[in-house]
Every structure is written in C-alpha cells, then in structure tokens.
Amino acid sequence: MTPRKPLALRAPLTGPQVLRLLANAANGSTVLGLAVAALARTDVSRGPRGLIIGAGYRWRVPFAGAFALGNVILCRCTAGDLLARPELLAHEEKHCSQYAWCLGAPFLPLYFLAAGWSVLRTGNPGTGNFFERHAGLVAGGYPVHGTPPRSFRLPGMIRPSGTEA
C-alpha cells in the first residue's frame, strides 16, 4: 500500500494559483527555476498550491536557506522540512507571485535593487526591501528593524554629538 499524499498536495488549485502557475510558465521564470534545480542536482518534487520544491540545494549563492525562481522554491533542507515550516513556505510562495506580477525575469534586477537599497538604509538586504516586506520579514528570517551601517551617511543626516564628520 502506498502512503497517501498530504491534503495540501491533493487540494485543487484556486483561480489565482492557476493564474500564477500559467504566468510563471509563460514568462519563463519557472523554466529558469527548473534549470537551476537540475544544474544544482536538487531533489525536485511537487509541492502544494502549484509550487515545485527543489530540495537539497547546495550552491553557495544565494546565501538564503530558501528562495524562489518562478514557481520553483529551492531550499537547502529536505522537502519535508520545508513543508513542516508553513510560514517559510508561504513567504516563498509570495515571492512566486511577485515573479508573476513582475512578468518573470524583471523581478530579479528589481529585487536586487530593493535589496541594495535596504542594505544602505538598514544594514541588511531584507528589512527595507519592498519585496521582502510584502512577503513577510519574520517568516523570511529578516529583522523587522535594521540599523544603517556606520560608514553610510546621507547628506544632511544629523550625527550624534561627539562623532567625527
């Protein structure tokens, strides 16, 4: 007897989930995700809500424990471990939707611009990043409040007394 799939994997897709799946297939971002998953030799399996999980990702870049490319979520853990963390899975699923809204590949430079701006403002790539804030900072492992790097100062910023110019 074969074990039954969890209910989340058997549930029919909603209209928005079907639209996301079709949009990310059409814009090529899911194909990119599957290509990276194959090149990185991850274990690919079907996830809930039209998602594809590439588990066991071992490349050094990006540094994240999980990230999305189209409808593919690549993670360093096993698929079972990711499914056991519904808040992280939901966070990455929101990034999948962001790929659809950005028409695929344009999401990547927009995301990296937002991450760079966040580093300048908060000292980390997530806290001030529009895409991470929309996906949920805590669920993605980012602090809610950041501290700008000491070496960064915008013109006109007030310095605490006793510091050098």
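These exercises work through helices, strands, cysteines and aromatic rings in one predicted model.

The model is predicted, so local features need pLDDT of at least 70 and side-chain atom pairs count only at pLDDT 80 or more, while totals for chains, interfaces and linings use all residues. Residues are numbered from 1 along each chain as its sequence is written, and side-chain values use heavy atoms, with hydrogens and water left out.

**Exercise 1. Check the length of helix H2 and find its buried face.**

Step 1. Fix the terms. Helices (H or I, at least four residues) and strands (E, at least two) are DSSP runs, numbered from the N terminus. The expected span of a helix is 1.5 Å times one less than its number of residues.

Step 2. Apply the rule. H2 covers residues 15-26, 12 residues in all, and should span 16 Å at 1.5 Å a residue. Its end C-alpha atoms are 16 Å apart, which agrees.

Step 3. Sort the residues. Buried means under 20% relative accessible area, exposed over 50%, and partly exposed in between (1.4 Å probe, protein chains only). Gln17, Arg20 and Asn24 are the buried residues in H2. Seen down the helix axis, the buried residues of H2 fall within an arc of 60°, so they line one face. That arc is taken from the directions from the axis to the C-beta atoms.

Step 4. Look at both sides. The buried residues of H2 pack against helix H3 (29-39) and helix H5 (86-101), where contact means heavy atoms within 4.5 Å. On the face turned away from the buried side sit the exposed residues Leu19 and Ala26.

Step 5. Leave the helix. Gly28, just after H2, has a positive phi of about 85°.

**Exercise 2. Place strand S4 among its partners.**

Step 1. Read the side chains. S4 spans residues 72-75. Val72 and Leu74 point one way, Ile73 and Cys75 the other way, and all are buried.

Step 2. Pair the strands. Two strands pair if DSSP finds at least two bridges between them. Strand S2 (residues 52-55) runs parallel to S4, with 4 bridges. Ile53 stands opposite Ile73.

Step 3. Take the other partner. Strand S3 (residues 66-69) runs antiparallel to S4, again with 4 bridges. Ala66 has Cys75 as its bridge partner.

Step 4. Close the turn. S3 and S4 form a hairpin with 2 residues between them. Gly70, in that turn, has a positive phi of about 65°.

**Exercise 3. Count the disulfides.**

Step 1. State the rule: a pair of cysteine sulfur atoms within 2.5 Å.

Step 2. Count. The result is 0 disulfides.

Step 3. Check two cysteines for burial. Cys96 has 0% relative accessibility and counts as buried. Cys102, at 16%, is buried as well.

**Exercise 4. Follow the aromatic pairs through Tyr111.**

Step 1. Set the criteria. Rings of Phe, Tyr and Trp (its six-membered ring) pair if their centres lie within 6.5 Å. Planes under 30 degrees apart count as stacked, over 60 as edge-to-face and the rest as tilted.

Step 2. Count. There are 8 aromatic pairs. The centres of Phe107 and Tyr111 are 5.6 Å apart and their planes stand at 40°, so this pair is tilted.

Step 3. Locate the pair. Both residues lie in helix H6 (residues 107-122), 4 residues apart, about one turn of the helix. Phe107 is buried at 3% relative accessibility, and Tyr111 is buried at 15%.

Step 4. Extend from Tyr111. Tyr111 and Phe131 form a tilted pair, 6.2 Å centre to centre with 35° between the planes. Tyr111 is in H6 and Phe131 in helix H7 (residues 130-135), so the pair ties together parts 20 residues apart in sequence. Phe131 is buried, at 9%.

Step 5. Assemble the cluster. Ring pairs link Tyr99, Phe107, Tyr111, Phe112, Phe130 and Phe131.
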